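Q: Hi! I'm new to this one, could you walk me through it?
A: Happy to, let's look together.

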Amino acid sequence: MNTEGTIYTSDELEYFELIKWTIDYTENIRKNGNDADRRAADNYLKEYHDTEAKIRSFAKIRTEHLRELEKDENRHKDEYQDVICRKCKSSFALKPVGEQKNKQGYMCNTFLCPHCKENFCNWIPISNKGKIELGVLVMEDMEKNHEPEHKIIKLKKTNDDLRKAMRESDETNKIRENSAKDVEKIVKEQVIHLIAFKYKILNDNKPMEIN
Ligand SMILES: [Zn+2]
């Protein structure tokens, strides 16, 4: 994905404006100052560019992750599913046309039967959490109906694997959230710092005192 597609927060946008002003200002010092000014300016410029690159790269990763999540959430809408119409009992491969809540409160897909022209629900939750709960209910049912044990064990394993995968992605998301908070904090610090810096320069022109 190109950088133009990156979504920035309002703090980040303010930071980019401030850092651009600060870099231009420091470049000017570098051009017109004495040796000591130039050395100081070089150090500051390196720091400014590094911090800006870090913030831009984080925003890019954050945007990519959001797009992935969106794609994941919407994937089911474009997928053909094997379904059986409740009314005429015919089986089809159909794309969903809508959603309906099941008894446990999970959204399931609805389909339009090409024969009866009526909507029906497959009662299979779209979310993994809902699928796991459904898996447990089906297992209980299978036990009640004395289904062969290997079938129940197989379903239990699949259900446990899905639960484990969900737990792992929850943990990854938590780590991601924490680093998002860290970067958010850095951006806010930078904005305040740069506003103070700019204010100081515009008011009493003592460029290198801050920092
Ligand atoms: Zn039908």
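**A chat about the model**

A: Let's start with C116, which is found in the loop between β4 and β5. Keep in mind that this is a predicted model.

Q: Is C116 buried, exposed or partly exposed, and why?
A: C116 counts as partly exposed because 13 C-beta neighbours lie inside 10 Å. The cut-offs are 20 or more for buried and 12 or fewer for exposed.

Q: Leaving aside neighbours within four places in sequence, what is C116 in contact with?
A: Once those neighbours are set aside, C116 is in contact with C85, K87 and C88.

Q: And how are C116 and N34 placed, in sequence and in space?
A: C116 and N34 are 82 residues apart along the chain, and 85 Å separates their C-alpha atoms.

Q: OK, now the strands on either side of that loop. How do β4 and β5 pair?
A: β4 pairs with β5, residues 119-125, in the antiparallel sense, over four bridges. Within that pairing, F111 has F120 in β5 as its bridge partner, and L112 stands opposite N119 in β5.

Q: What about the hairpin they make, which residue there takes a positive phi?
A: That would be K117, with a phi near 55°. The hairpin of β4 and β5 has six residues between the strands.

Q: Which strand pairs with β4 besides that, and in what sense?
A: Strand β3, residues 98-101, pairs with β4, residues 107-112, in the antiparallel sense over four bridges. For Q100, the bridge partner in β4 is C108.

Q: How many residues are between β3 and β4?
A: Five, and the two strands form a hairpin. In the turn, G105 has a positive phi of about 95°.

Q: So what's the strand order in the sheet?
A: The order is β3-β4-β5, an open sheet of three strands with antiparallel pairing. β3 and β5 each have a single partner strand and stand at the edges, so one side of each is left without a neighbour in the sheet. On average, neighbouring strands of this sheet are turned by 40° against each other, direction ignored.

Q: What holds strands together in general?
A: Strands of a sheet pair through backbone hydrogen bonds, and that can be parallel or antiparallel.

Q: You keep mentioning positive phi. What sign does phi have in most residues other than glycine?
A: Most residues other than glycine have a negative phi. Here W123 has a positive one, near 55°, and its place is in strand β5. W123 counts as partly exposed because it has 15 C-beta neighbours inside 10 Å.

Q: And K89, what is its phi?
A: Phi of K89 is near 65°, a positive value in a residue other than glycine. K89 lies in the loop between β1 (81-84) and β2 (91-94). K89 is exposed, because 8 other C-beta atoms are within 10 Å.

Q: Switching to helices: how do α1 and α2 pack?
A: Helix α1 covers residues 10-32 and helix α2 covers residues 35-75; their axes are 9 Å apart and the angle is about 160°. That makes α1 roughly antiparallel to α2, because angles over 145 degrees count that way. α1 passes α2 in a left-handed crossing.

Q: Which residues meet there?
A: From α1 there are E12, Y15, I19, T22, I23, T26, I29 and R30. They meet D37, R38, A41, D42, Y44, L45, Y48, E52, I55 and A59 in α2. Sorted by class, this contact of α1 with α2 has 10 nonpolar, two polar and six charged residues.

Q: How about α2 and α4, at what angle do they cross?
A: Roughly 140°, and the axes of α2 and α4 come within 11 Å. That makes α2 oblique to α4. α2 passes α4 in a left-handed crossing. The contact is made by T51, I55, F58, R62 and H65 of α2 with R176, A180, V183, V187 and Q190 of α4. By class, the contact of α2 with α4 has five nonpolar, three polar and two charged residues.

Q: Last one: where does K151 lie?
A: K151 lies in helix α4, residues 149-204. K151 counts as exposed, because it has 11 C-beta neighbours inside 10 Å. K151 and M139 are 12 residues apart along the chain, with their C-alpha atoms separated by 9.2 Å.

Notes: Residues numbered from 1 in each chain as written. Predicted model: local features only at pLDDT ≥ 70, side-chain atom pairs only at ≥ 80, totals over all residues. Axes fitted to C-alpha atoms, helices over the stretch in contact; angles between N-to-C directions. Parallel < 35°, antiparallel > 145°, perpendicular 65-115°, else oblique. Left-handed = near helix turned anticlockwise from the far one by under 90°. Contact = placed C-beta atoms within 7 Å. Nonpolar A, V, L, I, M, F, W, Y, C, P; charged D, E, K, R; others polar. Pairing = 2+ DSSP bridges.
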